[in-house]
Amino acid sequence: MERSTSGGGDGRRARPTAHELARYESLFAARTRGMKSSAMREMMALTERPDVISLAGGLPDTSTFPPELYAGLMADVAGDSTARALQYGPTEGMAATVECIVEVMAAEGTAIDPSEVIVTTGGQQVIDLVCKTLIDPGDVIVAEAPTYPGAVPTFSAYQAAVEQIEIDADGMPIDALESTLDRLQAEGRRPKFIYTIPNFQNPGGVTMSLARRRRLVEVARERELLVLEDNPYGLLRYEGEPLPTLYSLDAAAVGRGGASDLVIYLGTFSKILAPGLRLGWAVAPRPVLEKLNLGKQGADLCSSPVTQMFVAAYFNSGGARSGVGWRDYVETLRDLYRRRRDVMLQALGEHFGEGARWTKPQGGLFIWATLDERIDTTDLLALARKSEGVAFVPGRAAYMDGRSGSSSMRLNFAGVSEHDIREGIRRIGRALREQVGLLGSLTGSPVPASASDAPVEQPEQAPGPLADVVALPRRDSSAQAQRRRDR
Amino acid sequence: MSEGQRVAVLKGGRSLERSVSLRSGAQVQDALQRLGHEVLPIDVDPELVPRLLAAAPDAAFVAMHGRDGEDGTVQGLLEAIGLPYTGSGPAACMRATDKVLAKHLMLEAGVPTPAFRSLSETAIKELGASAALPALERELDFPLVVKPAKGGSALGVKFARTSAELPGAMVGAFSYDATVLLERYVAGRDLAVSVLDRDLAQAGAGKPRADALPVVEAVPREEDFYDYESRYEIGMTTFVCPAELAPETTARAQELAVRVYQLLGCRGVARIDLMLERDSDELWVLETNVVPGMTETSLLPQAADAAGIAFEQLVERVLASAFSR
């Protein structure tokens, strides 16, 4: 077994000694203590192999983008403006790209002022820049439980104190948010922003209801709090009516066709076009925008003009070149992902048994499944990886404490073929039956029918508001911490 | 041993400790090059044996942690193709890696190790072993530490405070191995003693052939004291070397480590983990690692450094074990 004093890199130095290590340790910023590796994340790295069916990624399916269209658009960029594409660009982004963003936002029913947009290197950079701009060590961020696993390392790196609010079928319950805000106020702690993914939440798969969206905006206005609205998948809706963005609701509250003054909106081309472009954006109140801009100057000066010009070419002439405009491509993705979601839902019904529950997302990329509370999905992943060759994201990755959510898992249905979805879920189900059977033997309780090797009948969806949602762990983080101290 | 050997460094593989192993391997490669050896780095995969046969190096430096690298698998293969390799042989690897077997051997030899029982998956499924759980719980008492019998990752190591937590903890541990170890929890200080074969030149007649290095103490952050996974997680623990202990405690820990090293038949190098019980001041041996980490921040290089052994010297001494049988 290896035990080691710090994560470190692949440091190749001339004479590494413990003394030298101490020298480096004293140079590391305090924030690096929050940048921790974990056995769970290391194990997940092992699943990135061709022989493993991975339902773990956050991937869209880029194989559906026509190669000849990509080649043609790149040729257009080269023919029209090689020199500009290879040059630095403005920090806030190229005007032609911002026009595309205005178009995408309009398709989300949200009017914006192009001068309040900053183009970023993926949506992830918005999370980083917002933290860089707003968070001092110990400052509070209110997030959902579970929350986007990719935000966890960012929040940790800025040493934020994150309060996670358990979500239900309608997203973040605003009464729970308000009581948390009241408690924080009583403790003299003011949250810097509320982080939410209202549409097809990652990883929860649920969507915040219209009533809660309205109430969230009211609460933010009453208390003068910023909201970071992370909306990568809004256009990937497979059923139901689109709901207004928090940004547009806040803008309406401001009135007279103005912009929102409390919502920072995060968008991205990753899910409606391609993540390899590394292009996202923020729309933010001007004072915040100015700080984001300064932060971005320090981070990377500007996002790649090559890919920004590719996006502009795609939006302007993609349809003319191929007969497939950007909206048509999004429609193609919707059809594809809707079918894949349905395949996964059916497979879950066949292979996961009665002890499990899962969300039925109306869009996006993810389903969140929750098992018997005694099953730890990190251990299940170890078993499933080894004996079945299949991977998923253990629920703990979506919690700041790395412990909660231990009986849940995130499943991606968008980036894998229907065959692999069926096979992947069947394999996880087999590993799960193995564990449930063992639990039954250990506790002396009869092993449920689903523990046999035969597929179980798909359970009827129970009526009621929780029918499409998991039972989230009912531990709040302070109670959890308290219990740890009490042990 | 002559200068300028051709050394294959075996690292990586599919173990849960793959990434640490890659870092250990990289450090070892650098040191071997500085020592004037020719290095053949191998990230272990299904081409391992054909590559070794084709390259025919003088020796293999085993820098693989966990499955395959520590359980005797690779050592058995290297014996089969007649290639000298560093560290313990297959039998010692099997004895050390199987925590249940290692604890039985220690009990028989009178080496203090915390009270324990083990249960296999087949015993539970086919022999009704779960009916023995109440007696076992009474005997060992809570809190209990539940571990997979094999494997060195923090994963699957769990703390059960009550009877109700035990089945879940056991199912978790069974995800990594078909046998689990249930062990009495020893509250106290977490120590590690590395043992290194003596230089051939120095090893005179009648002297022990292995030396214990200075003791390292692992100090977990308070809030995670009972969270085993965090305790073993990178960055969650700080280390003190040499550990601040009474001289007789240090001597006793080192003596126990050398005894266990010899009892299991280790060769080259090993790291023995112990607990110093708070209430009784007793030392208890937990387990032995036959391929300790060799990263710049690992316990073995730290302990060697505290003993005045530079990293190159450490690597050279471990390499010498390949030629010393």
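In this predicted model, the buried residues of helix H8 in chain B are B:Leu166, B:Pro167, B:Gly168, B:Ala169, B:Met170, B:Val171, B:Gly172, B:Ala173 and B:Phe174. Helix H8 of chain B covers residues 166–174, and 9 of its 9 residues are buried, so the helix is largely enclosed by the rest of the structure. If you have the 3D view open, try finding this helix before reading on.

## Unusual backbone spots in chain B

A little background helps here. Most residues other than glycine have a negative phi, and most peptide bonds are trans. Chain B has some places that go against this pattern, and the table lists four of them with their positions.

| Residue or bond | Backbone feature | Where in chain B |
|---|---|---|
| B:Phe142 to B:Pro143 | cis, omega near 0° | B:Pro143 in the loop between H7 (133–140) and E5 (144–148) |
| B:Cys241 to B:Pro242 | cis, omega near 0° | B:Pro242 in the loop between E11 (237–240) and H10 (247–264) |
| B:Ala56 | positive phi of about 45° | loop between H2 (48–55) and E3 (59–62) |
| B:Asp141 | positive phi of about 65° | loop between H7 and E5 |

Look at the loop between helix H7 and strand E5 of chain B: B:Asp141 is found there, and B:Pro143 has its place there too. Are B:Ala56 and B:Asp141 buried, partly exposed or exposed? B:Ala56 is partly exposed, with a relative accessible area of 48%. For B:Asp141 the relative accessible area is 48%, and this residue is partly exposed as well. Both values fall in between the cut-offs, since buried means under 20% and exposed means over 50%.

## A sheet in chain A

Now let's move to chain A. Four strands form an open sheet there, in the order E9-E10-E13-E12, with antiparallel pairing. Which strands stand at the edges? They are E9 (357–358) and E12 (393–394) of chain A; each has a single partner strand, so one side of each is left without a neighbour in the sheet.

The partnership of strand E12 with strand E13 (residues 408–412) in chain A is antiparallel and runs over 2 bridges. Here you can see A:Val393 standing opposite A:Arg410, which belongs to E13 of chain A. A helix also packs on the sheet: H12 of chain A, residues 326–351, touches E9, E10 (366–370) and E13 of chain A. The direction of helix H12 makes about 15° with that of strand E10 of chain A.

## Empty spaces

Rolling a probe the size of a water molecule over the atoms shows where empty space is left. How many cavities of 30 Å³ or more does the structure hold? There are 6 of them.

The second largest cavity has a volume of about 120 Å³. It is lined by 15 residues, and the closest to its centre are B:Val62, B:Val269, B:Val290, B:Val291 and B:Val318. By class, the lining of this cavity has 11 nonpolar, 4 polar and no charged residues.

Next comes a pocket. The second largest pocket holds about 840 Å³ of space. Its lining has 39 residues, and those nearest its centre are A:Ala56, A:Gly57, A:Gly58, A:Leu59 and A:Arg410. You have already met A:Arg410, opposite A:Val393 in the sheet. Several elements of chain A each supply at least two lining residues to the second largest pocket: helices H2 (39–46) and H5 (122–134), and strands E1 (53–54), E7 (263–268) and E13. The lining of the second largest pocket divides into 19 nonpolar, 12 polar and 8 charged residues.

How values were computed. Residues numbered from 1 in each chain as written. Chains lettered and ligands numbered in written order. Predicted model: local features only at pLDDT ≥ 70, side-chain atom pairs only at ≥ 80, totals over all residues. Heavy atoms only, no water. Buried < 20%, exposed > 50% of the residue type's maximum accessible area, 1.4 Å probe, protein only. Pairing = 2+ DSSP bridges. Contact = heavy atoms within 4.5 Å. Axes fitted to C-alpha atoms, helices over the stretch in contact; angles between N-to-C directions. 1 Å grid on protein atoms, 1.4 Å probe; cavity = no way out; pocket = protein on both sides within 12 Å on 5 of 7 lines; lining within 4 Å. Points joined across faces, edges and corners; volume = space filled by probe spheres on them. Nonpolar A, V, L, I, M, F, W, Y, C, P; charged D, E, K, R; others polar.
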